[in-house]
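Subject: The structure, and what turned up in it

Hi there,

Here is the structure I promised to pass on. Have a look at it first, and then read my notes underneath.

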Amino acid sequence: MKKINLIFFSITGIALLLASLAYYFFWYNTPENTIERYLTLIKNKQGEPAYEYVYKNADSYYPEREDFLRSVADSRIVDFKIDEATAINDTETEVKVLISYTSLKNSVQKIIREKEQTFMVKKVSGEWLVSLRGPDGES
């Protein structure tokens, strides 16, 4: 009886592990979900965890932590909708997002505007990261 229980729990444990890995790699760890988590953090003005999603490489643009945190604190994003993702290759994907943000019409009245923005997401060591564009528009 103990041997049957041991086999049953071993098989169940392996099945749960495989299901967890499949969930992570096929549903959770995607370019679209990465952008969704990143923009949700920015919308909620949570700069520290959002900065962890930024691709930081000496060959690419990325802001200093303090500058990034300031820009997140000043963020006017109120909502967003992911339109489409286009794979460039195995490690790069472009994700188009429709972003709603507030804009001051005058000192009292705020209006909501929308714009489409394309994000580049890069896969590094199995994780998708957001490659930011610098002031000159280059990554």
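Below are my notes, going from the overall fold to the core, one buried residue and the largest pocket.

Please keep in mind that this is a predicted model. The average pLDDT of the protein is 85, and 80% of the residues reach at least 70. Confidence varies between the elements: helix α1 (residues 2-28) has the lowest mean pLDDT, 64, while α3 has the highest, 97.

On the fold: the protein has four helices and four strands, and along the sequence they follow the pattern α-α-α-α-β-β-β-β. Of the 139 residues in the protein, 29% are buried. If you take the contacts between residues at least 6 apart in sequence, 48% of them join residues at least 24 apart.

Next, the inside. The largest nonpolar core holds 21 residues, and those touching the most other members are I35, Y38, L39, I42, F68, V97 and F119. Two or more residues of this core come from each of α2, α3 (47-51), α4 (65-73), β1 (77-89), β2 (92-104), β3 (110-124) and β4 (127-131). Helix α2 gives the largest share, with five residues. To see one of these core residues in its setting, try F68: beyond its neighbours within four places in sequence, F68 is in contact with Y38, I42, G47, A50, Y51, V54, P63 and L132.

You may also like to look at T34, which sits in helix α2 (residues 31-43). Is T34 buried or exposed? The relative accessible area of T34 is 0%, and buried means under 20%, so T34 counts as buried. Apart from neighbours within four places in sequence, the contacts of T34 are Y53, V121, W128, L129 and V130.

Finally, the largest pocket. The space in this pocket comes to about 660 Å³. It is lined by 22 residues, of which Y38, I42, S71, I77 and Q117 are the closest to the centre. The elements giving two or more residues to the lining are α2, α4, β2 and β3. How many of the lining residues are nonpolar, polar and charged? The lining of the largest pocket has twelve nonpolar, five polar and five charged residues. Two names may look familiar here: Y38 and I42 are among the residues closest to the centre of the pocket, and they are also among the core residues that touch the most other members.

Happy browsing, and all the best!

Note on methods
Residues numbered from 1 in each chain as written. Predicted model: local features only at pLDDT ≥ 70, side-chain atom pairs only at ≥ 80, totals over all residues. Heavy atoms only, no water. Buried < 20%, exposed > 50% of the residue type's maximum accessible area, 1.4 Å probe, protein only. Contact = heavy atoms within 4.5 Å. Core = buried A, V, L, I, M, F, W, Y, C linked by side-chain atoms within 4.5 Å. pLDDT = per-residue confidence, 0-100. 1 Å grid on protein atoms, 1.4 Å probe; cavity = no way out; pocket = protein on both sides within 12 Å on 5 of 7 lines; lining within 4 Å. Points joined across faces, edges and corners; volume = space filled by probe spheres on them. Nonpolar A, V, L, I, M, F, W, Y, C, P; charged D, E, K, R; others polar.
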